[in-house]
Every structure is written in C-alpha cells, then in structure tokens.
Amino acid sequence: MEKSPAEDPSQAGKTEQQGAEANAPHSGERPDQGTAPAPDHYRPDPQSERDESNIDAPDVPNAKYRNPILAQPPEALTGLVLKEQDRVAAGLTAVIKSMEFSWSEGGLQRGTKGLLKMNQKDGFDCSSCAWPDPDDHRSVAEFCENGAKATASDADDKAAGPEFFAKHSLAELSRMTDRDQNNAGRLTHPMVKRPGDNHYKPIAWPDAFKMIGDELNALSSPNEALFYTSGKVPNEPAFLFQLFAKQFGTNNLPDCSNMCHESSGAALSPTLGLGKGSVTLNDLYEAEVILVIGQNPGTNHPRMLSALQKAKRNGAKIISVNPLIEAGLQNFKNPQDFMNPLRALGALIGDGTQITDLFLQVRIDGDMALLRGIMKHLFEAEDMNPGKVVDHGFIAEHTTGFESFEQNIRNTSWEDIESESGISRAQLLEAANMLATKQKIITCWAMGVTQQRQGVQTIQEIVNLHLMKGAIGKPGAGTCPVRGHSNVQGDRTMGIWEQPTKVFQDSLAKEFHFTPPYEHGLDVVESIKAMYKGKTKVYFSLGGNLLAAGPDTEVIAEGMRKQKLTVFVGTKLNRGHLVTGETSLLLPCFTHLDIDMQKSGHQMTSCENSMGVVSQNKGVLVPLEGQMMSEVAIIAGVAIATLGDKTNIADWVAMTENYDVIRDHISRVIPGFEGFNEKLRRPGGFYLPNGPRERKFTTKNGKANFSTTELLKHHLEPGQLVLMTVRSHDQFNTTIYEYNDRYRGIQGERRVLFMNREDMADRGIKSKDLIDITSHFEGSERTVEKFVAVPYDIPKGNVSAYFPEANPLVPVSSVAKVSNTPTSKYVVVTVVPTAVNNDKRVKSREAMMAE
C-alpha cells in the first residue's frame, strides 16, 4: 500500500483519474462499506437535562423601532405578480435559469468552469443539498438548477471588501433585503466592529485571532461560549472545530442539524441503531414503491427527480404525501434528456414523466395519523390473507416490540385517523393496496416531517411500516431521510454534536492526549435561551445564519446583542452578521469552489452525502483578490491563539499545511474512516459503515425496535389556523437568490401567505389583501405585519409562508418531543386584515417613541 500523503508530501492533493469504476456498486448490489457499523446510540430521555422554561414573547412589530439594526427582513413589498402554478418541474426553463445565474454572478468563464466540475469525481462537491451522486457514470452536467445557483453565488466575482463596509453602516445594511445582502459580493478581508461602532472596519488576522483568544480565556467557564456550525462546512474543518471546542472545555456545539433532521436521528438511532438512512441511490432504482413524505424535491433536492424518474421507468409506483401539491411531485422534464436524441423531443413538448401515482394531500402535522391508517389497512389485509402482507419471519428474527405496536395501530379509530390526517379511509386503502404485496419499499422524508410536534414519533411510524413489511436491509428497500445542506450529515459524523458519546470522546482523548468534557452541551434551542438569559458571552459561528434559520427571530437578536463577542466565519454577507455582540468579527473564508493552496500544495476536503458516501471536494477557481483564508486555517489560528501551550501547536500547524494530517487523525478516531486518505482518492469516494443496510441493527439490544407512539390530536380555538414555513424556489436554506417562486406562481415578492380560499372568505380576505399574522403559544402572542394573502390549493385550516420572513412567529419553546427541534411545521396562528390592528399598534409605537 502507498504511504499516506501525510507521510509523503508529494502525494498531497493528488487524486486518481476519473474513471476506474469497476469497484462501484451497480444497480441491485450492496456497496463495500467496511465491516464495523459505527456506534450511534441517541440518549433516550434528554428532556430532563434541558432548559424547558418558556421565553416571554418579544414585541415583534415594534422591534424595528427599538433597534436601528433590523433583525427581520424589511417589510417593504417588492411587487407581487401572481401567475398560474406550474405542473411540471425542471425542463428547458431550469436550464436557462441555471445559465443565467451562473454567468451573471461569476461571469462566463468562471461560471462555466465551476458548473462543469461540480459533483465530478475529480472536482468539488456542490455546496447546496446533500443528494448523492451516481456511483458509476456521471453526466457532464451533473448538477441541478439549485446547485447552479449556489455555485454561481460562490463564484461571484464582486467583492464586498473594506470599501463596501466603510460606505455602508450596519443599520443601512440591515435595511437591504436578504437577496441584496447576498448579492453584495464575496467577503474578502477580516473585519471588526468594536463597541460603539456602527461600521465594520479592517483588522489584521493575528489581531483577530488574539481578540478571540483573549475573550475566550477571560470567561469564567468554557460553557459561556457557543460554537455553532453550518452544514456547508466540510469534514476536515468540522473535525477541527469540535476538537478545538472540546480542548477549550465545552460541548456547546449547536448546529443546523438541531433545526432540521435532529428528529430523524432521534427516531432512527433507538429503532435501527444508526441515525442515518439505510438506502443507496441504486436502491431507489430498484424500488417497487417509493413514499415521498413531507418533502418538496423539485425545489429543495431537484436531482432527486432524476432518480425518481429512473425508478418510474423501472416500474416503481410513487405515493406523495404533502399539504401542498408541488410541481416536482407531479411531472418532471429531465434537463439531461436534451442531450439524448431519443428523448430530446419529449423533453421539449408534453408534460414529461408523471412522478406521483397517488397524491395524499395531508393536513399539516397529520402524517402520523395517515401512516397509522395505511398500516391499519395492511393489518386488515393480513387478516384476510395470512402470511401474505406482514413479514412475520423478519419480525421474529430481527425485531422486538411488534405485539404492542400492532395493538396500538389496531386500536386507533378510523374517526381519529381521518379527522387528524384529512385523508379519507378509501384513499388510505388505495395507498395500502399499493404496498400490500410489496417489500421493495423506500420512504423518503425531509423537514415537512422532522419539524412537526410529533416529528420523532412520525418517523418511528415510518420505521414501523418498514419493519412490519421486512422492507429494510435489502436492495430496493429502506429508509431515506433526505438531508439539506451539503455536509450536514458529515458534520455530525465528525463529532459536531452537543451530545457526544463516551466512545467518541474516549477515542478523541486517546488520539490527542487531553481530557475532553463528557457532560452534554447546549443544542440550538438551549443556546438561544442561554444567550437571551445572559448565560453566555461568546458566540462563534462557523458559517450559517442562525438569526435567519432559527425560531423566534427577535429572541435570537436580543441574545446576540447580549454577547461580549460574536464571531462570524463566512463567504458572503447575511443578516446574521449585522445583529452582533458588543464586539464582532467578520472573517472571510473560501468556498468549496475556491482553490485552497497551503504549504504542501493544492488541498482537498471531503463531504458525506445523504446516503453515507464520503467524496472529495477540490476547488477549481482562483479566489478573489483579498485576504480570505481556509476554514481549516482560521480554526487553527484561533486554537493556537486561545489554547497556547495547552495544545500541540506543531500539530495544528501541520494540519493547516497538509489536510491529509487531519484525515490521518480522523482515521484513528472515527470508525469507518480507516485508510481515509487512500479511500478518499478513489473515484467517487467510499461508503461508510451502515448496519441497517445489512440488517445489522446496532441498537442496545441488537434488534430493530418497533415503537408504540401516542397520537396527539389537534385542538384549535375558533378562527385559528396551522402555519408551516417553507422555502421558495429561488432560495436555498436562508440564502435568497431572487424574489420569485415560479413553481407556485409567485413573482416579485416573498412576504406572502398561502391560504385556502374558504379560509380567506370566512375572514373577509381577498387575493392580494394585506394581512397581519399572529401566532399563539401557551398564552403568548407574536405578530408579523404586512404580508400579502394568496389563494392557494392547501387544506382548509392550513396556511404556509416563507422563512425567514415568518420565523418570528415560531416560538423558541415550541419544540418536537425528544429532538428539541423547533416546530416550524406546526405554528398555531390567526390572520386578520392589516387595518384591524393599526390603531392599537400606532398608539403603542407613539408611547414607545415618547419614552
């Protein structure tokens, strides 16, 4: 075997040539994933260790008068034009939009070069979603519209440097829209806002590192610091970030997982033994039935539609479950077909491939009841056809808890199932009939499930469905939580978790010769509360935008203002950089797209996708002129300045000069990463261990565990509705590219509320009327003003709005059971025309201004 590049510097940054695909798994085959499943035991009852106290509702409407730096996007409307909803996703329009974004941001040469190397085996990983790449052949254009937008944004050739920040105060910047902030250009120089300043000003890197070290070392406890991470951060800097935090002495490692797929991990770990999905991309092609629940792939994971199209062509049936009938769940025109002479004409005319065979337009938060209805029908079918519907052999050999689960499903009344889900018994029978004789079943879900009140329990019901059918651990069958940001799953694998296992901490201690903290730290919700209550003094963010991603925007803002120091490592300006502590640092870093040259040469990092494949990420564009640094170099600089002789400074220097040194450390700490450097250089990367994929359930009892859940019912007061927040099509996570949402027929506006026409009529609201929205939680209220009512096909009693605009309505204390994930998919609201409360609020503002 060749020496590790860490031992042989001449190998640094080298990769094998693209091709040599003989070892890649083909359709129906299981990947070579190593022998030892990674341990992943989620603590079963974390509630007792958390701060469950409520937070008083902030005065959301008047916050903009109290604070000159706006935490919420400006209320000024940008010009709504309503169009027909699209029934077809992608197609020629997606190709045109991809090119427009790419060339307008980075220019023709930079933009095209970036697109052609995105998701290639010798290129860089898309910084957008975590959908996997094909194991074998990859198209020349292995990207989607969303990925093209993200890459165009990263390739931006405009600079937001010292001159930009000298020209614009923080208050002025906060009055820009989120789109205009992102489009201001790439951050190029380290900047500081000192106490009393209203501008960011340049600072030298050594001074910035010293400032961070001095502030951290002045804390009375390491737990007064918070270290937040974005899912865009690759494995190598993520590993170093958690290592630094733990060497400093805290497990306060909140990250974006806490707000998205924490419910998936909380449900999957105790039931299957691993908090990740069990399928591969090839399994989707083999599936007989695919359920897509609480997910909008056309906007959030567009490349998934190619996999669904291939599954359909292989004979799969698809059941879609969602409150909104999204374009991507109806029909799909594959842009790749334009390059195929046999399919090009079909891609130009007609509606493309029909994706959904059965659409169940569930009520918000009604998915658990829907799943119970399907399983109740399956048990009734088993009664009539013993041994033909339920896989008793699998259940006896591999599972526990079946009897209690079965009784729970059978005891659930059809009345409760229909009223809570909004789906009729007959429709649920149609779904059950599609599943009854099949075992190659895959269920895909995303935040439409995880951010419900019962997100964890709903996913446990998904697992129950798979276990009763024996639909796991074989080709074409299994669980598929579809993750968001490019490396959000990898960051957790690297140890970014406030609940570290003893096994992980022991391994870290052995490798780096220190005693890490073993007590659990703070997740996102607990961190927000701690900041708000003044229990923390330093907030350090490695990427991301907690202000716009989190719940209760004004609570987060107030917490940020109470910090002594806020540190933001980022690539482009966002609103979260403007609401700061007394002192704030804005530190520019490279993107996935940038060439990262260190002492040993051109460096690469790695990311883990939704299906557990780790592959390389090697930049291809020369960074803009400036003083940007890699995330690795920034973390190392902070660690050395903070820890001094308490750490191995030479090792931090070596890891910065050659990232293969980091990977050699990882290979000895984390199971599945043995020979990391060598395996990463294989074309396409490598699969991590995955027990459930092989029917090896690494739970505490060694079995897959059925769950017996409680079905919560909706209890709404007269006039109340249930709100869920969603993304627009011209948005990825908190990054806003444009004001449009073409699939839903929205152009030129984001402050919209999608409403059922009957609900609008009941309230005397007409299309495009201005409205105010008030959320209600445990006796408290939060109100946002000046939204535009849009009639839409959504279940009666349900409404929907975009985040971050609607995030001020989500109470920080309203969380999913067990996972502590904010319930952005279950917010109780009332809606009134804007004029109704004008007098009351004007008087409140006049009184406030008089004070």
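Buried here means under 20% relative accessible area, so arginine 744, with a relative accessible area of 4%, is buried. Keep in mind that this is a predicted model. Below is a quick tour: that arginine, a proline that also counts as buried, an open sheet of 6 strands and a pair of nonpolar cores.

**Arginine 744**
- You'll find arginine 744 in the loop between β27 (735–736) and β28 (746–747).
- Its side chain gets to the backbone oxygen of arginine 727 at 2.7 Å, and a polar contact of 2.8 Å ties it to the side chain of aspartate 741.
- Setting aside neighbours within four places in sequence, arginine 744 is in contact with residues from several stretches of the numbering, including Gln85, Asn296, Leu324, Glu326, Phe754, Tyr792 and Tyr802.

**Proline 804**
- Proline 804 sits in the loop between β32 (798–802) and β33 (827–833).
- With under 20% as the cut-off for buried, its 4% relative accessibility is why proline 804 counts as buried.
- Not counting neighbours within four places in sequence, its contacts are Pro73, Asp178, Ala548, Gln731, Ile736 and Arg750.
- Take Ile736 from that list: it is 68 residues away along the chain, and the two C-alpha atoms are separated by 9.7 Å.

**The open sheet**
- The strand order is β6-β5-β18-β17-β16-β7, and the pairing is mixed.
- At the edges are β6 (201–202) and β7 (225–229), each of which pairs on one side only.
- Strands β16 (residues 538–542) and β17 (residues 565–570) run in the parallel sense over 5 bridges, and phenylalanine 540 has valine 567 in β17 as its bridge partner.
- Helix α7 (residues 205–217) packs on the sheet and touches β5 (191–193), β7, β16, β17 and β18 (583–588), with its direction at about 135° to that of β18.
- Helix α26 (residues 631–643) packs on the sheet too, touching β16, β17 and β18, and its direction makes about 155° with that of β16.

**Nonpolar cores**
- The largest nonpolar core has 58 residues, and Phe227, Phe239, Phe244 and Leu585 have the most contacts inside it.
- Helix α8 (residues 235–248) supplies the largest share of this core, 8 residues.
- Leaving out neighbours within four places in sequence, phenylalanine 244 is in contact with Leu216, Phe227, Ile635, Val638, Ala639, Thr642, Leu643 and Trp652.
- Another core, of 52 residues, lies apart from the largest one, and among its members are Ile441, Ile462, Phe706 and Val818.

Terms used: Residues are numbered from 1 along each chain as its sequence is written. This is a predicted model: local features need pLDDT of at least 70, side-chain atom pairs count only at pLDDT 80 or more; totals for chains, interfaces and linings use all residues. Side-chain values use heavy atoms; hydrogens and water are left out. Helices (H or I, at least four residues) and strands (E, at least two) are DSSP runs, numbered from the N terminus. Buried means under 20% relative accessible area, exposed over 50%, partly exposed in between (1.4 Å probe, protein chains only). Contact means heavy atoms within 4.5 Å. A nonpolar core is a set of buried Ala, Val, Leu, Ile, Met, Phe, Trp, Tyr and Cys residues joined through side-chain atoms within 4.5 Å. Two strands pair if DSSP finds at least two bridges between them. Axes are lines fitted to C-alpha atoms, for helices over the stretch in contact, and angles run from 0 to 180 degrees between N-to-C directions. A polar contact is a pair of N or O atoms within 3.5 Å; within protein, one must be able to donate a hydrogen and the other to accept it, and residues adjacent in sequence count only if both atoms are side-chain atoms.
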